[in-house]
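What follows is a walk through one protein model, taken feature by feature. It may help to keep the sequence and the coordinates side by side while reading.

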Amino acid sequence: MRLERALCALVLLSLVGGCTSDEKKPEFTDPAQSASAAPAGAAPAWTEPTAYTYKLIRGCDANAPLGTYQATVTGGVISAAERVDAPVASPAPSAEVDLGPVTGEEGEEIEVPTLAELVEMAQTASEDGAEVATEFSLDDGHPTKVTINVTDTAAGAECWIVDDYKV
C-alpha cells in the first residue's frame, strides 16, 4: 500500500510538472552565497551592518535624478534621512490645493529604505515577475544599484543608486 501511494504521488508530480509554462521568469542574483561558491570576480557575501550611512540617488538618469537622499542607519533601521538635492518647499498657508512638487518635475518624496530593504524590494519585485537588475560592490558586496521595471518599456524602469556607503 505504501509503495502504491509513493508511485501515485510520483506520477501526480510528473503530470503537474509537465503542465508548467516555458515562460522564462526573471532571476534575482543573491550575493549572500558563500564566498567559496561565488565565481571569480563576483561580489562577496554582504551582511547588513547595524550602523552605516549612504547616499541614495533615485532615478535612472544620473544627470537628472528624481531625488538624492542622505541616509543614516542605526540598529538596522533608518534613523535619519534627508533630501539633499533640493530645498524642501511647502505651500503657502493660503493654498487650498496640493500643488505637487514645486519644480513641476516628477520628484515626490520617498521613504528611504535601508540597504537590506532595498535588496528585499528587488527580490520581491523579481518574484512578482518584474525585470530586475541588481549590482553589488566587488569590495564588500553591498548593493550599489537596483533597477526594477514592471512595464514593457525601458522608460518604465525605476532605479536606485547607492553612493558614499560608509560603515
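**From aromatic rings to the core**

Counting rings whose centres lie within 6.5 Å, one arrives at three aromatic pairs. One of them is formed by Tyr52 and Tyr165, whose ring centres are 5.6 Å apart and whose planes make an angle of 55°, so that the pair is classed as tilted. This pair brings together distant parts of the chain, since Tyr52 belongs to strand β1 and Tyr165 to strand β6, with the two positions 113 residues apart in sequence. The model is a predicted one, and the values quoted here are computed from it.

Are these two tyrosines buried or exposed? Tyr52 has a relative accessible area of 3% and is therefore buried, and Tyr165, with a relative accessible area of 15%, is buried because it falls under the 20% cut-off. The ring contacts also extend beyond this pair, in that Trp46, Tyr52, Tyr54 and Tyr165 are linked by ring pairs into a cluster.

The strands that carry Tyr52 and Tyr165 are themselves partners, for β1 and β6 run antiparallel and are joined by five bridges. Within this pairing, Thr53 stands opposite Lys166 of β6. Strand β6 is also joined to β5, again in the antiparallel sense and over five bridges, and here Ile148 stands opposite Glu158 of β6. Strand β1, for its part, pairs with β2 as well, in an antiparallel arrangement that comprises eight bridges, and in that pairing Tyr52 stands opposite Val73 of β2. In a regular strand, side chains alternate between the two faces of the sheet.

Several of these strands reappear in the largest nonpolar core, which has 19 residues. The residues with the most contacts inside this core are Tyr54, Leu56, Leu115, Leu118, Ile148, Val162 and Tyr165. Which elements give two or more residues to it? They are the strands β1 (51–58), β2 (67–74), β5 (143–149) and β6 (157–166), together with the helix α2 (115–127). Of these, α2 gives the most to the core, with four residues.

Leu56 offers a useful view of how the surroundings of one core residue are put together. Leaving aside residues up to four places away in sequence, Leu56 touches Gly67, Thr68, Tyr69, Ile110, Val112, Pro113, Leu118, Trp160, Ile161 and Val162. One of these neighbours, Val112, sits in the loop between β3 (77–83) and α2, and with a relative accessibility of 7% Val112 counts as buried because this value is under 20%. With the same exclusion of sequence neighbours up to four places away, Val112 touches Tyr54, Leu56, Tyr69, Ala71, Ile78 and Ala81. Val112 can also be placed relative to Arg58, from which it is 54 residues apart in sequence and 9.8 Å apart in space, taken from C-alpha to C-alpha.

A second buried loop position is found at Ser137, which lies between β4 (131–136) and β5 and has a relative accessible area of 9%. A polar atom of the Ser137 side chain lies 3.1 Å from the backbone nitrogen of Asp139. When neighbours within four places in sequence are set aside, Ser137 is in contact with Ala43, Pro44, His142 and Thr144.

The covalent cross-link remains to be described. The structure holds one disulfide, formed by Cys60 and Cys159, with the two sulfur atoms 1.9 Å apart. Like the tyrosine pair described above, this link connects distant parts of the chain, as Cys60 lies in the loop between β1 and β2 and Cys159 in strand β6, 99 residues apart. The torsion about the S-S bond of Cys60 and Cys159 is about 90°, and the disulfide is therefore right-handed. How do the accessibilities of its two ends compare with the cut-offs for burial and exposure? Cys60, at 39% relative accessibility, counts as partly exposed because the value falls between 20% and 50%, whereas Cys159, at 3%, counts as buried.

How values were computed
Residues numbered from 1 in each chain as written. Predicted model: local features only at pLDDT ≥ 70, side-chain atom pairs only at ≥ 80, totals over all residues. Heavy atoms only, no water. Core = buried A, V, L, I, M, F, W, Y, C linked by side-chain atoms within 4.5 Å. Buried < 20%, exposed > 50% of the residue type's maximum accessible area, 1.4 Å probe, protein only. Contact = heavy atoms within 4.5 Å. Polar contact = N/O pair within 3.5 Å; in protein donor to acceptor, adjacent residues only side chain to side chain. Pairing = 2+ DSSP bridges. Phe/Tyr/Trp six-rings, centres within 6.5 Å; stacked < 30°, edge-to-face > 60°. Disulfide = S-S within 2.5 Å.
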